[in-house]
Amino acid sequence: MSCNLGNKDSVLSCSEGFSDLGYYNGSVSHTDSGSPCLKWTDFPDYMQQYPGRGLGDHNLCRNPDQEANPWCFFRQSSGAIGWAYCDCRQGVARLVGGSSGNSGRLEVYLNGQWGAVCETHWTNRDASVICRQLGLGEIGTALQHSYFGPGSVFHYERLGCRGNEKSLLECRSRKFVNGDCNHGNEAGVVCAEPEGIGIPLRLVGGLEEFEGRVEVYHDGSWGTICDDQWDDSDAEVVCRQLNLGGVAKAWTWAHFGQGVGPIWLDGVQCTGNELSLEECPRNMWKQHNCDHMEDAGVSCNPYTDGAVRLVGADSHWEGRVEIYHQGEWGTICDDNWTELNAQVVCRQLGFSGRAEVAADMVYEEGCGPILLDEVQCQGTEATLLACTHSEWGQHDCSHSEDIGVRCETGGPLVRLVAGESRKEGRVEVFLNGQWGSVCDDDWNDVSAAVVCRQLGFTGVAKARSMAYFGEGQGPIHLDNIRCLGTETSLGQCPAVGQDDHDCRHSEDAGVICDYTLDPVGDGAIAMQTCGLRLNNQRRRRRIIGGDKSLRGEWPWQVSVWLRSQSKGSHPLCGGSIINPCWVVTAAHCFKRFGRDPSRYVLRLGDYHTEEQDDFERTLSPERIVIHRKYHNQGWEYDIALLRLKGTEGNCVAFNPHTGAVCLPEPGNKWEKRPAACVITGWGITGNLTYSRTLLQAWVPLLPAWKCKKRYGGRFTSRMLCAGSLSEHHRVDSCQGDSGGPLVCQGEGGHWVLTGVISWGHGCGNPFFPGVYTRVSRFLRWIDKVINKPYKN
């Protein structure tokens, strides 16, 4: 579909402009059967015949000849030129089935019929455009899983909006549905400004969804950020808040075009560890000395040099070949291009069937740089970059020589989703026009190796089960996969199909390709210093902003288990390593089952409670020391220390996923609100079930008077309270575990154990935030217990 201007909000008649101008002056650009209109400039004789009647260099419907209804010329399927009336309701949106006017199932009017949009590719950007089109504000939230009931028919598989369009017909990546959407998959919308989740952000003006000019929403309108002091640390926070992985890069000087409207922020100085832009130091709103030439931008780039893609065709298995290099996509010249080259491109993209070179000019010409020429492959290479080729950018070609290929699918496409890098994730296969997951029955390293080979990886493959990379949303396509290991694609392995499996998404299979246990980066320094996370050196991808953490991201996190239930799915309590022999937890953890250390085991380096993790160890505590003033009936002095077995200072060796958190400095109070405080654990998620992967949540520390107001005399100076008081963003210690850490980032990026998860009233109740033992009040007690002469 062409790039069209949309109709005005909720225009339901063709009267626009009639009374003032004598002809229709609206912005509909399709016939009533949905065909795109042709430009009036294609018919110069007709334009001369009707001067001053709204005709021009556009394809908008008009009625220059005094017809009652506007009309336009269009190209018929036979290629002949015809004319037809326009339906002025084309592209109008409405919300159906909601309890209020600002929410409901989205329906779009196309070709005389209201229809739904499929939720598969439905995003908050799309939802925001719909809200803007309906005059219901600037911010929309995308809802899925048929929240407002089923519709009658589907019109669109995706809208693909950037987020700044005025109506859905302006969204350039619209795709009509092709029959793969089922009832229950209708997209829904809520139009409301969010509360309590930081400053709303969007990226505008980029060619890809993960890049653009950064715009913030404040005081009812979107505005830009000035690029003074704007750097990659700020970009890191923007990418994290938008839940985008990849490499964060800051762009300056309106790289993605100049914005309009207010310049809201300037002097933003994030450390890179904050969870939202709101936490970063910055100037007051609208305090700047800039103009829009200095609008700041961000890219959160998931691509690496040498990645390839196919563009310019309706099908994902064919198109013009483009390759990625130093931040941009470019084309490849067809000099000496062979089917062996095409085979390598298709293999790199995960296709295992035959490959063929497309005829000249089948796909539209590229418009970026021509990056490679004289490519010559043997046909066995895993990536196109492994073939011989010219220097980057060296060629004697024009875009008329851009190469295109067609890949035969040879079994289903495979992709990895929700990993920490492109080499790992939940395995999903493309069948019947839909991505779906694989059940982990019989899933092993042999099958994992086939998946990795199909995706072009050559190293060791490791199978992961039990939804290690999170639960999928779509169908479960395959079960009981039994590869021999010689196959080149997963589709060649025997398996049970979609109709015969007995699985749930909690059994989704995953893989790690190019698997290695060697920590990357300067791990030794992090292991010797408290409060540092290896990920700062090791990885650029972040999943913070959701609630799932990265493996090894919180290396001081300990889980405490009853020995009799240590094969279960949820620990009894959490804890924090403070040195190689001691763990801090809550005293109330031992209220029910007593203080006998032989009843308990501790897990260090754990991430997924039902999967053996790379650096996971299970140890027995040697001694449990509960604060002597703690009483089972109350919550005061709710702190305990666990001693691990071993000689002093050498009980456990630290590794990339096991290390100590810092204790607060004596007398150091958080006078200023710390940049980011985080709770971690395997706590309760939204639907009151426990998580099997380590969760994290950002929680703001609250002033003592707010806590006293909520809890009265039960709240003392030896406690902290933290959590959101907003109805719309409920996070408190339910997301963690009793005894687990509340850590805040201090000097030099070191994380400090500020609180121990203790008690609360309800779960995520905005009127009763979570309460934590204030660690700074117990430093002398901790020091006394740890440094007391100790005999085995």
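**Why the labels fit: a chat about a predicted model**

Trainee: What makes Asn336 partly exposed?

Mentor: Its relative accessibility is 48%. Buried means under 20% and exposed means over 50%, with partly exposed in between. So Asn336, at 48%, counts as partly exposed. Keep in mind that this is a predicted model.

Trainee: Where does Asn336 sit, and what is its phi?

Mentor: Asn336 is in the loop between strand 18 (328-332) and helix 5 (339-348). Its phi is positive, about 60°, although Asn336 is not a glycine. Why point that out? Because most residues other than glycine have a negative phi.

Trainee: Which phi does Ala467 have, and is Ala467 buried or exposed?

Mentor: Ala467 has a positive phi of about 50°, and it isn't a glycine either. The loop between strand 25 (462-464) and strand 26 (476-478) holds Ala467. With a relative accessible area of 6%, which is under 20%, Ala467 is buried.

Trainee: And where is there a glycine with a positive phi?

Mentor: Look at the hairpin of strand 1 and strand 2, which has 5 residues between the strands. There Gly79 takes a positive phi near 100°.

Trainee: How do you know that strand 1 and strand 2 are paired?

Mentor: Pairing takes at least two bridges. Strand 1 (residues 71-75) and strand 2 are joined by 5 bridges and run antiparallel, so they pass that test. Cys72 stands opposite Ala84 in strand 2.

Trainee: Which side chains of strand 2 are buried?

Mentor: Gly82 and Ala84 are, and they point to one face of strand 2 (residues 81-85). Ile81, Trp83 and Tyr85 point to the other face and are not buried.

Trainee: What about strand 13: which residues are on its covered face?

Mentor: Ala248 and Ala250 are on the covered face of strand 13 (residues 247-251), while Val247, Lys249 and Trp251 make up the uncovered one. Strand 13 is antiparallel to strand 15 (residues 297-301), with 5 bridges between them. Ala250 stands opposite Val298 in strand 15.

Trainee: On to charges. Why is the contact between Glu138 and Arg132 called a salt bridge?

Mentor: The test is a side-chain nitrogen of Lys or Arg within 4 Å of a carboxyl oxygen of Asp or Glu. For Glu138 and Arg132 the closest N and O atoms are 3.1 Å apart, so the pair qualifies. Arg132 is buried too, because its relative accessible area is 13%, under the 20% limit. The structure holds 20 salt bridges.

Trainee: How do you know that Glu616 and Arg603 meet the test, and what does the pair tie together?

Mentor: Their closest N and O atoms are 3.9 Å apart, so they are within 4 Å. Glu616 lies in the loop between strand 31 (600-604) and strand 32 (617-619), and Arg603 is in strand 31, so the pair ties together parts 13 residues apart in sequence. Both Glu616 and Arg603 are buried.

Trainee: How far apart along the chain are Glu622 and Arg643?

Mentor: Their side chains meet in a salt bridge at 4.0 Å, N to O. The pair links distant parts of the chain: Glu622 is in strand 33 (residues 621-626) and Arg643 in strand 34 (residues 640-644), 21 residues apart. Arg643 counts as buried, because its relative accessibility is 1%, while Glu622, at 27%, falls between 20% and 50% and is partly exposed. Elsewhere, Glu318, Arg354, Glu356 and Arg406 are joined into one network by salt bridges that share partners.

Trainee: What makes Lys784 exposed?

Mentor: Its relative accessibility is 60%, over the 50% limit, so Lys784 counts as exposed. Lys784 lies in helix 10 (residues 779-787). Together with Arg628, Lys629, Arg780 and Lys788, Lys784 forms a positive surface patch.

Trainee: Why is Asp373 called buried?

Mentor: Because its relative accessible area is 3%, under 20%. Asp373 is in the loop between strand 20 (370-372) and strand 21 (404-407). Its C-alpha is 8.2 Å from that of Cys397, 24 residues apart along the chain.

Trainee: And how do you know whether Asn185 is buried or exposed?

Mentor: The same way: at 16%, under 20%, Asn185 is buried. Asn185 sits in the loop between strand 8 (175-176) and strand 9 (188-191). The C-alpha atoms of Asn185 and Gln144 are separated by 6.8 Å, with their positions 41 residues apart along the chain.

Key: Residues numbered from 1 in each chain as written. Predicted model: local features only at pLDDT ≥ 70, side-chain atom pairs only at ≥ 80, totals over all residues. Heavy atoms only, no water. Patch = residues over 30% accessible without salt bridge, like charges linked within 9 Å, V, L, I, M, F, W, Y side chains within 5 Å. Areas by Shrake-Rupley, 256 points an atom, 1.4 Å probe, with all protein chains shown as cover. Lys, Arg positive; Asp, Glu negative; His and termini not counted. Charge placed at Lys NZ, Arg CZ, Asp CG, Glu CD. Helix = DSSP H or I, 4+ residues; strand = E, 2+ residues; numbered from the N terminus. Buried < 20%, exposed > 50% of the residue type's maximum accessible area, 1.4 Å probe, protein only.
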